[in-house]
Amino acid sequence: MRAWDRPALPEVPGRSEPPLLWDSATGGLVPAAPGGDVATLYVCGITPYDATHLGHAATYIAFDTLQRVWRDAGFEVRYAQNVTDVDDPLLERAARDGVDWRELARTEVDGYRADMAALSVIPPDAFVAVTDIVGPIGGAVAELVARGLAYAVPAPEASDDGVDVYFDATAAADVSPWALGAESGLDRERMLPLFAERGGDPDREGKRDRLDPLLWRAARPGEPSWPSPVGEGRPGWHIECAVIALDELGEEITVQAGGSDLLFPHHEFSSGHAAALTGRPFARVNAHAGMVAYRGEKMSKSLGNLVKVSELVGRGVDPRAIRLAVLAHRYRDDWEWTDAGLAEAEARLAAWRTAPVTGGEEGELFELREALHHDLDTPRALAAVDAAVARGGLSPELRAAVHLLLGVQL
Ligand code: 5CA
Ligand code: ZN
């Protein structure tokens with residue numbers, strides 16, 4: 001699918017060090033660098049049934065910062081992102097509003113593109129709609145069945161005697177370098193409620209393990225479906241991201257990322273599916289952005305407590321200020337969007353923009369890079385720029401670094 005326009009990326013003298021990133025699997029800082037010259041990144045994309053909110057934007061800006069640091073460190077970057085354009089919540093919203101689900105997805109993806117472009121987020125090299133790769137997903141599910149790593153569960157309400165297909169997590173753990181819980185660090189007791197809350201079906205009869213996730217859902221009357229070697233139906237959630245990442249980025253990727261709400265079960269099982277398919281560990285680093293709240297609760301389409309990027313921009317808010325409001329928080333922290341935070345960001349943007357051009361000081365660029373090198377410490381990076389402004393102004397090099405690394409063209 002078409003992504004969106006690529007923002008300009010200026011050259012800056014010198015280089016970043018390859019960054020350290022917090023890895024959810026090991027619970028510590030690890031070098032986020034590929035074995036070779038090409039760093040590969042998979043960030044889970046939107047389910048397009050409502051407009052992009054500040055929570056989505058924060059997650060995409062976090063990993064946009066990673067990509068910017070990688071480029072500054074001299075890596076080539078290959079970045080893939082999915083669009084979950086067929087899924088229960090999307091179908092439910094389309095039915096509620098009496099619109100075609102494809103049309104709803106198309107409209108929301110258009111809005112998302114415009115929001116990401118406004119925020120100067122570097123587009124993915126591969127922006128892949130799930131509906132465009134149902135064939136390869138069906139093939140991957142069939143392969144898992146053939147290898148005894150997936151099994152059919154009768155689905156009486158399905159059309160034409162169809163069956164649902166589930167991942168056999170225990171069998172997969174036996175034959176691949178993956179184990180349930182290795183990434184999230186959760187035990188079964190804590191997994192079960194999260195699994196149920198986030199799309200899983202622990203009480204489905206006929207499963208070998210309550211935590212086995214759905215790989216393929218047999219067609220139900222009135223639901224969209226596609227032919228596949230395992231029958232007419234549509235993909236489960238985790239297998240879509242695994243297949244897109246493997247297809248676009250190769251068997252071992254540098255970073256798998258998304259918001260912390262995806263750590264379990266989504267990323268745990270995307271990694272499991274990928275490892276089961278390839279026999280190799282999936283991502284070197286599993287990185288997760290914190291949740292952005294609004295009025296005391298996680299900002300979410302289902303709760304409806306949204307601050308939409310398009311509404312802010314439509315109201316005349318400078319997208320650079322939105323970016324700075326996001327970057328004022330550590331990406332891994334949970335935080336709350338507030339008007340005061342936006343006002344602070346607007347004041348900061350104005351101060352930076354009107355700062356005199358100076359010769360700069362030794363070490364200024366290093367300070368900015370060093371902050372980002374250390375788990376994308378953007379608050380410290382902003383403070384380094386504030387300090388330069390307070391000392392008298394910004395050098396052309398620091399201005400270029402703000403543009404390249406923070407995505408804010410002054
Ligand atoms: N399509 C799936 C991923 S395959 C999905 O989770 N879509 S989403 O539209 O719900 O979320 C898109 C991205 O934004 C995900 O990475 C998710 O973790 C992140 N996200 C959602 N809500 C928030 C929030 N309140 N704060 C921060 N990130 C969020
Ligand atoms: Zn995903």
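# A ligand, two cores and some unusual residues

A polar side-chain atom of Asp-261 sits 2.5 Å from an oxygen atom of ligand 1. That is a polar contact (a pair of N or O atoms within 3.5 Å; within protein, one must be able to donate a hydrogen and the other to accept it, and residues adjacent in sequence count only if both atoms are side-chain atoms). The model is predicted: local features need pLDDT of at least 70, side-chain atom pairs count only at pLDDT 80 or more, and totals for chains, interfaces and linings use all residues. Residues are numbered from 1 along each chain as its sequence is written, chains are lettered from A and ligands numbered from 1 in the order in which they are written, and side-chain values use heavy atoms, with hydrogens and water left out.

## Around the ligand

The backbone takes part too. A polar backbone atom of Met-299 lies 2.8 Å from a nitrogen atom of ligand 1. For Gly-55, a polar backbone atom is 3.1 Å from a nitrogen atom of the ligand. On its own, ligand 1 has 600 Å² of accessible area, and the protein covers 94% of it. Such areas come from the Shrake-Rupley method with a 1.4 Å probe; for residues, only the protein chains shown count as cover.

How many residues surround ligand 1? There are 24, and the closest are Gly-45, Thr-59, Thr-84, Asp-261 and Lys-301. A residue is near the ligand if one of its heavy atoms lies within 4 Å of it. By class, this shell holds nine nonpolar, 12 polar and three charged residues. Here Ala, Val, Leu, Ile, Met, Phe, Trp, Tyr, Cys and Pro count as nonpolar, Asp, Glu, Lys and Arg as charged, and the others, Gly among them, as polar.

Which element gives the largest share of the shell? Helix H1 does, with four residues. Helices (H or I, at least four residues) and strands (E, at least two) are DSSP runs, numbered from the N terminus.

## The nonpolar cores

H1 also gives the largest share, 10 residues, of the largest nonpolar core. That core has 77 residues, and those with the most contacts inside it are Leu-54, Phe-63, Val-255, Trp-337 and Leu-406. A nonpolar core is a set of buried Ala, Val, Leu, Ile, Met, Phe, Trp, Tyr and Cys residues joined through side-chain atoms within 4.5 Å. Buried means under 20% relative accessible area, exposed over 50%, and partly exposed in between (1.4 Å probe, protein chains only).

Take Leu-54. Beyond its neighbours within four places in sequence, Leu-54 is in contact with residues including Val-292, Met-299, Ile-322 and Trp-337. Contact means heavy atoms within 4.5 Å. Apart from this largest core lies another, of 56 residues, among them Val-86, Ala-105, Ala-169 and Ala-171.

## Two buried leucines

Leu-144 is found in helix H4 (residues 134-146). It is buried, with a relative accessible area of 0%. Setting aside neighbours within four places in sequence, the contacts of Leu-144 include Phe-167, Leu-215, Ile-239 and Leu-277. The C-alpha atoms of Leu-144 and Val-292 are 36 Å apart, with their places 148 residues apart along the chain.

Leu-249 belongs to helix H7. This leucine is buried, at a relative accessible area of 10%. Not counting residues up to four places away in sequence, Leu-249 touches Thr-40, Leu-41, Tyr-42, Arg-78, Tyr-79, Ala-80 and Ile-244.

## A serine in a loop

Ser-228 lies in the loop between strand E8 (214-218) and strand E9 (233-235). Is Ser-228 buried or exposed? It is buried, with a relative accessible area of 17%. Its side chain makes the polar contacts listed here.

| Residue | Partner | Distance |
|---|---|---|
| Ser-228 side chain | Val-230 backbone nitrogen | 3.0 Å |
| Ser-228 side chain, polar atom | Gly-231 backbone oxygen | 2.7 Å |

Leaving aside neighbours within four places in sequence, Ser-228 is in contact with Gly-138 and Trp-216.

## Backbone oddities

A cis peptide bond joins Phe-264 and Pro-265, with omega about 0°. Pro-265 has its place in helix H8 (residues 263-278).

Arg-295 is not a glycine, yet its phi is positive, about 55°. This arginine sits in the loop between strand E12 (292-294) and strand E13 (297-298). Arg-295 is exposed, with a relative accessible area of 66%.

Leu-376 also has a positive phi, about 50°, although it is not a glycine. Its loop runs between helix H12 (364-373) and helix H13 (378-391). Leu-376 is buried, with a relative accessible area of 2%.
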